[in-house]
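Okay, thanks for coming, everyone. Let me put the chain up on the screen, and then I'll talk you through it.

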Amino acid sequence: MERRLIPAFAISPLRELARLENEINRIFKELVPQQEVTTEVVAWAPRVDVYEKDNNIIIEAEIPGAKKEDIEVKVKDNSVVIRGEVKREEEKKEENYYRSERFYGKFERVIPLPADVKIEEAKAEYQDGILKLVIPKATTEKEVKIEVK
């Protein structure tokens with residue numbers, strides 16, 4: 001068996017690629033909010049609209065078939081976490097079932113907030129399968145008058 005030595009200049013680019021990969025992973029972890037580690041299986045994520053109106057951030061999430069007591073909303077690390085479960089009321093025992101497209105089971109969605117908000121003033125309501133969150137934006141004064149004494 002013949003042993004071949006790899007020249008040092010051939011190893012250097014591989015080390016540089018590994019270093020770049022580590023750096024990119026570190027930056028990505030800082031930019032993307034980390035979700036809580038959970039052992040639960042999440043079957044689906046609700047669709048959402050996120051928009052601004054009257055100095056509020058509005059989030060509307062489609063969660064058809066859910067009961068409001070089965071929905072949990074948290075604001076964490078400048079993101080909104082919506083999770084819960086839609087339970088199937090009854091099992092269909094018929095064999096003539098052609099299609100089932102409705103979602104059942106646990107769900108979770110993490111939505112990054114586009115601006116700083118006043119978490120303590122957030123409001124949520126659930127009606128007709130739509131969860132609506134209204135979160136006031138935090139205002140920062142751009143101009144402050146200072147009295148001269």
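I'll start with the overall layout, then go to the core, and finish with a couple of spots elsewhere.

One thing up front: this is a predicted model. The secondary structure is one helix and seven strands, and if you read along the sequence you get α-β-β-β-β-β-β-β. The chain has 149 residues, and buried ones make up 20% of them. Its accessible surface is about 12,900 Å², with 50% of that belonging to carbon and sulfur atoms. As for the contacts, take those between residues at least 6 apart in sequence: 56% of them join residues at least 24 apart.

Right, the core. Which residues have the most contacts inside the largest nonpolar core? They're Ile63 and Ile82, in a core of 18 residues. Several strands feed into that core: β2 (56–62), β4 (79–86), β5 and β7 (130–136) each supply at least two residues.

Let's stay on Ile63 for a moment. Where does it sit? In the loop between β2 and β3, with β3 covering 71–76. Is Ile63 buried or exposed? Its relative accessible area is 0%, so Ile63 counts as buried. Now look at what's around it. Setting aside residues up to four places away in sequence, Ile63 touches Trp44, Pro46, Ile71, Ile82, Val86, Phe107, Tyr126, Gly129 and Leu131. And here's a pairing across the sequence: Ile63 and Ile130 are 67 residues apart along the chain, yet their C-alpha atoms are separated by 5.8 Å. As a general point, nonpolar side chains tend to be buried together in soluble globular proteins.

Next, a charged residue. Glu108 is in strand β5, which runs over residues 105–112. Glu108 has a relative accessible area of 11%, and because the cut-off for buried is under 20%, it goes down as buried. So what does the Glu108 side chain make a polar contact with? The side chain of Arg83, at 2.8 Å.

Last stop, the helix. Helix α1 spans residues 8–31, and Leu17 lies in it. Leu17 comes out at 55% relative accessibility, so this leucine counts as exposed. Leu17 has company out there, too: together with Leu14, Leu20 and Ile24 it forms a nonpolar patch on the surface, and the four share about 410 Å² of accessible area.

So, to leave you with two pictures: Ile63 is buried at 0%, and Leu17 is exposed at 55%. Okay, I'll stop there.

Note on methods:
Residues numbered from 1 in each chain as written. Predicted model: local features only at pLDDT ≥ 70, side-chain atom pairs only at ≥ 80, totals over all residues. Heavy atoms only, no water. Patch = residues over 30% accessible without salt bridge, like charges linked within 9 Å, V, L, I, M, F, W, Y side chains within 5 Å. Areas by Shrake-Rupley, 256 points an atom, 1.4 Å probe, with all protein chains shown as cover. Salt bridge = Lys/Arg side-chain N within 4 Å of Asp/Glu carboxyl O. Helix = DSSP H or I, 4+ residues; strand = E, 2+ residues; numbered from the N terminus. Buried < 20%, exposed > 50% of the residue type's maximum accessible area, 1.4 Å probe, protein only. Polar contact = N/O pair within 3.5 Å; in protein donor to acceptor, adjacent residues only side chain to side chain. Core = buried A, V, L, I, M, F, W, Y, C linked by side-chain atoms within 4.5 Å. Contact = heavy atoms within 4.5 Å.
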